[in-house]
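Work through the three exercises below with the model open. Each task is followed by its solution in steps.

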2 protein chains.
Amino acid sequence: MFSIGELSKRAKVKIPTIRYYEEVGLLAAPERTEGNQRRYDASGLERLSFIKHARDLGFSIEAISQLIELQGHPDRSCQVAKEIVVSQLSNVRAKIKRLRALEKELVRISKGCDGEGVSEECYVLASLADHLLCRYEH
Amino acid sequence: MFSIGELSKRAKVKIPTIRYYEEVGLLAAPERTEGNQRRYDASGLERLSFIKHARDLGFSIEAISQLIELQGHPDRSCQVAKEIVVSQLSNVRAKIKRLRALEKELVRISKGCDGEGVSEECYVLASLADHLLCRYEH
DNA sequence: TCTTGAGCCTCTAGTGACTAGAGGCATTAC
DNA sequence: GTAATGCCTCTAGTCACTAGAGGCTCAAGA
């Protein structure tokens, strides 16, 4: 049995975040000491590690809830899990696509300005003022 | 002179968002009719288009504030503008890098599960539970 | 056993950039 | 004149936390 601070260190998740996960129902409320402090065991650490790993991969709290729900029913089909991962993958790919377009445009804009001129003639400011100067869709 | 609804249509920015920009000081408070409704002119539209364009490129409100401030001083050096763009570019690149790592890992995880098994043996759930199964840094 | 200091508790409010909704007044077109 | 549409302010909600205040608990050393 260990304290929330200990759990925090082991799972590398900040204390307020742990309490937040408990509040929103991701993490089961653990036992308490007589003085009302939380005490966790190995299963708490395991669950929190699962959550952290999924968050690191960009899954939403909602998606993680569904995955945890599924974990609790070992006999259920894992189709939902597969769907969640696939949908997260397409989220990630969409974001990458958009960011690559932004990258291109930002490179182009920054090349137009050496930072040595004066605001009035600045290509950066002109580019932002006028979308028509853009070369790529974004 | 046109109403906020008209401005919204022309700049393709939602009405509450326009009011929000005014509230945080990005957009100057426009004239009002006797009945207290906002009335904009061409310069309002220009400014809002600038803001929208910068937001579409992922600049923060704070960064846009600085850019607008600079616009108001045509004689000032545009070094700050250049810096803002370069820093935004490195933000974008960092995000892309991270997302590409996630993409790889998600592809790998999703390949391990055909969605036809049972939750207990699901590779998706196992992967999330155990970071050691990961092949790529993320 | 007592004390000290680190650790824990709850609660509220703040972050960024909006978005939604309620309740009510203004404008415009017919 | 009236009806429909549009606009006003204000509050609260979104997501996933983060920060801080004020106060209680625990564990280790004297």
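**Exercise 1.** Find the salt-bridge partner of A:Asp56 and give the separation of the closest N and O atoms.

*Solution.* Take the criterion: a side-chain nitrogen of Lys or Arg within 4 Å of a carboxyl oxygen of Asp or Glu. A:Lys52 meets it, with its closest N and O atoms 3.3 Å from those of A:Asp56. Next, place the pair. Both lie in helix α3 (residues 42-56) of chain A, four residues apart, so about one helical turn separates them. Over all chains, the structure holds 14 salt bridges.

This is a predicted model: local features need pLDDT of at least 70, side-chain atom pairs count only at pLDDT 80 or more, and totals for chains, interfaces and linings use all residues. Side-chain values use heavy atoms, without hydrogens and water.

**Exercise 2.** Determine how chain B is superposed on chain A.

*Solution.* Superpose by least squares on the C-alpha atoms of residues with pLDDT of at least 70 in both copies. The rotation is 180 degrees, the shift along its axis 0.0 Å, and the RMSD 0.1 Å. That is the relation of a two-fold axis. Now look along chain B: the C-alpha of B:Ile96 is the nearest to the axis, at 2.9 Å. Finally, check the interface. Of chain B's interface residues, 100% are also interface residues in chain A, so the copies meet through the same surface.

**Exercise 3.** Which helices each supply at least two residues of the positive patch?

*Solution.* List the members: A:Arg100, A:Lys104, B:Arg100 and B:Lys104 gather on the surface. Then assign helices. B:Lys104 sits in α5 of chain B. The suppliers are α5 (79-111) of chain A and α5 (79-111) of chain B. Patch residues have over 30% relative accessible area (Shrake-Rupley, 1.4 Å probe) and no salt bridge, with like charges joined within 9 Å.

Key
Residues numbered from 1 in each chain as written. Chains lettered and ligands numbered in written order. Contact = heavy atoms within 4.5 Å. Patch = residues over 30% accessible without salt bridge, like charges linked within 9 Å, V, L, I, M, F, W, Y side chains within 5 Å. Lys, Arg positive; Asp, Glu negative; His and termini not counted. Charge placed at Lys NZ, Arg CZ, Asp CG, Glu CD.
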